[in-house]
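Let's take a walk through this one together, helix pair by helix pair, with a couple of stops at the empty spaces. Keep the model open beside you as you read.

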Amino acid sequence: MTTETQPQIKEFQAETKQVLRLVIHSMYSHKEIFLRELISNASDACEKLRFEALAKPDLLGADTLSVRLVPDAAAGTLSIKDNGVGMSEAEVIDNLGTIARSGTKRFLETLSGDSAKDAQLIGQFGVGFYSAFIVADKVTVLTKRTDTPAVLWDSDGEGQYQIQADDKPDRGTEVILHLRDEDKEFLEPARLRQLVRKYSDHLSIPIILKSGETEETVNQAKAFWTRPKSELNDEDYQAFYKHITHDSEGARVWAHNKVEGNIEYTSLLYLPKRAPFDLFEREQKGGIQLYVKRVFIMDKAAELLPPWLRFMRGLVDTADLPLNVSRELLQNNRTVEKIKSALVKRSLDLLEDLAANKPEEYAEFWKTFGVVLKEGIIEDLGQKERIAKLLRFHSTAAAGDAPEATLEQYVSRMKTDQKAIYYLTADTLAAARNSPHLEGFRASGLEVLLLIDRIDEWVAGHLHEFEGKTLANVASSAADVASAIETPEKAAAESAFKDTTERLGKILLGKIASAQVSARLTDSPAVLVAGEFGVSLRMGRILKQAGQNNPFATLPILELNPKHPLVLRLRDTKDEATFADLAHVLYDQAMLAEGGELDDPAIFVRRVNRLIVEGFAAQPKIILS
Ligand code: ADP
Ligand code: MG
């Protein structure tokens, strides 16, 4: 029974209009992608039905799920027909009339104006249906769910659409494209066949092309990952990667494994070349697709990979989970745990292999995803050693801009009596390379790793040691740091500066724990070091910025270079006011060199100016010559 109703005319939601316009205009040189998008929707609808039929087998009955392409040269139309779930009237309005996704705004922001780049964004943000208007000046959608009456939707893509009841009897959706004159090539069977092979070969639903009276299945119609490796080449793997990720860059490497034994599953893991836009978003869920016995169960099954591998893409298909598995069930499930730990190993295998055999590509990977991989040092004790070998660092032993040093290389370069792996943390590479903390190490010929990501403070702390060598922050007063750069002159200088360091301690009370003669410095007058058990100054700063308590806050130690003229002048200054000026300036300078902030910058400026003017007055000839 059908209800005759007048067609209702509706407006597209404002954002939808904007997307529509952009899609039509920016994709002009990539028209063919419309077919990929519409076939992918039809195939999704079939997969959804197959999934619903798990609970209600009657839904599927004896039907074979398929997607049919029907070109009609006389009418100038191309139909994409499926017998999937179909849509109710409300769903049609929701899905085709509005863009209710949060990704849409971002899609609009991300458009670059470069149509090649924008073309692949379409799928990524789920605005695929509108690509129909690239080649059609009118689109008609006929659709029916099993349990609701059929609906007819049509639009010319100019801002309005019409919706009315229809008497289509069978379940599914038909999208009819009234092709523009210049796009009639998409009526040619040869062209359609070529496009299906290019974009949709790996879909497990058969795609049937009707030409005249003949019908032929044009894709492989077999779940891609079930095909033997020997049958698949790099292009096949890349095409499937692009299909599941909508990432047109392609994958860097992949691993395809069939595991038979205690647990049976097939995994296909890809390492992407570029990062998704939301890699660092807190709610971002990484993870891969989960299939149970070829049936798609869910996207982004975060339980299958730890967060520090959230850049991996791909899927797992297993026979050892129930088809009605829910996200709740995935948590604390022993089968899932076992698959997960195998996937972690495989991912690390992939990365190790890349690092060993394609170091330039590994460097690219590191630039894109290194910060995420580092999280594994903090989160996954069991994999710490393997991850540690994959870390890459800037180092005083390499001048380049790219982090290249490995811990293994560092250890092999260590001096015979060197006790620790030395590192320095700073906000930028330039700040690290120019840090006063490096002076003594440079003079002693000791290599120092330069860590400039915020997370590095935690990474270094959790890593703690590598191959039995402790990691030591050069900006700390810990014994194995101080002893590395000990010089005989230092001991002699200590008594000569005893009076000065004591006076400093009093003047800078509340700012420093104490003042000491240093062996760390060759060029700078002073430096601040963290107490042996205190956290580093930079860590303290990061915690403060994050509004967190720092229970380990301790005052730093001010260390002096006994050979520096400014320090000698300080020692010889009897006048208390001048001594205080110099003392504060030394402290403030050291704080600035740490990347820290001054409590009162204006006073610092005034003191520096006062000292400069005094200097002019005292030594006019030197200054003027
Ligand atoms: P996406 O596929 O990323 O969700 P689309 O713009 O391609 O975005 O499709 C929007 C929505 O319209 C789909 O999510 C789906 O709910 C619905 N849809 C599109 N085509 C079909 C179809 N052939 N059968 C059933 N529903 C469909
Ligand atoms: Mg789609």
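What follows goes through three helix packings, a cavity and a pocket.

Before starting, bear in mind that this is a predicted model.

Let's begin with helix α2 (residues 33–55) and helix α7 (residues 189–200). These two pack at an angle of about 65°, and their axes are 10 Å apart. If you look down on the pair, you'll find that the crossing is right-handed. On the α2 side, the contact is made by Ile-33, Leu-35, Arg-36 and Ile-39, while α7 brings in Leu-192, Leu-195, Val-196, Tyr-199 and Ser-200. Sort those residues by class and you get seven nonpolar, one polar and one charged.

Now move along the chain to helix α10 (residues 334–357) and helix α11 (residues 359–379). Here the packing angle is about 140°, with the axes 8 Å apart. How does that count as an orientation? Angles over 145 degrees would be roughly antiparallel, so α10 and α11 are oblique to each other. The crossing in which α10 passes α11 is left-handed. From α10, the contact takes in Leu-351, Leu-354, Ala-355, Ala-356 and Asn-357; from α11 come Pro-359, Glu-361, Tyr-362, Phe-365 and Leu-373. By class, eight of these contact residues are nonpolar, one is polar and one is charged.

Helix α11 has another partner to look at, namely α16. The axes of α11 and α16 cross at roughly 40° and come within 8 Å. Angles under 35 degrees would be roughly parallel, so this pair, too, is oblique. The crossing of α11 and α16 is left-handed. What meets what here? Lys-374, Ile-377 and Ile-378 in α11 meet Asp-456, Trp-458, Val-459, His-462 and Leu-463 in α16. The class count for this contact is five nonpolar, one polar and two charged residues.

Some of those residues turn up again when we look for empty space. Rolling a probe the size of a water molecule over the atoms shows where such space is left. How many cavities of 30 Å³ or more does the structure hold? It holds one, and about 50 Å³ of space lies in the largest cavity. Its lining is made of Lys-374, Leu-391, Phe-393, Leu-451, Asp-456, Val-459, Ala-460 and Leu-471. Lys-374, Asp-456 and Val-459 are residues we met in the contact of α11 with α16. Helix α16 (residues 456–463) gives the most to this lining, with three residues. By class, the cavity lining divides into six nonpolar, no polar and two charged residues.

Our last stop is an open space, the second largest pocket, with a volume of about 700 Å³. The lining of this pocket has 25 residues, and Leu-537, Gly-540, Arg-541, Lys-544 and Met-591 lie nearest its centre. Which elements give two or more residues to the lining? They are α20 (537–545) and α22 (576–593). The largest share, five residues, comes from α20. As for chemistry, the pocket lining has nine nonpolar, nine polar and seven charged residues. Set that beside the cavity lining, with its six nonpolar, no polar and two charged residues, and you have the make-up of both spaces in view.

Definitions and conventions
Residues are numbered from 1 along each chain as its sequence is written. Chains are lettered from A and ligands numbered from 1 in the order in which they are written. This is a predicted model: local features need pLDDT of at least 70, side-chain atom pairs count only at pLDDT 80 or more; totals for chains, interfaces and linings use all residues. Side-chain values use heavy atoms; hydrogens and water are left out. On a 1 Å grid over the protein atoms alone, a cavity is a set of points where a 1.4 Å probe fits but cannot get out, and a pocket is an open set with protein on both sides within 12 Å along at least five of seven lines; lining residues have an atom within 4 Å of a point. Grid points are joined across faces, edges and corners, and a volume is the space filled by probe spheres set on the points. Helices (H or I, at least four residues) and strands (E, at least two) are DSSP runs, numbered from the N terminus. Ala, Val, Leu, Ile, Met, Phe, Trp, Tyr, Cys and Pro count as nonpolar, Asp, Glu, Lys and Arg as charged, and the others, Gly among them, as polar. Axes are lines fitted to C-alpha atoms, for helices over the stretch in contact, and angles run from 0 to 180 degrees between N-to-C directions. Angles under 35 degrees count as roughly parallel, over 145 as roughly antiparallel, 65 to 115 as roughly perpendicular and the rest as oblique. A crossing is left-handed if the near helix is turned anticlockwise from the far one by less than a right angle, and right-handed if clockwise. Contact means heavy atoms within 4.5 Å.
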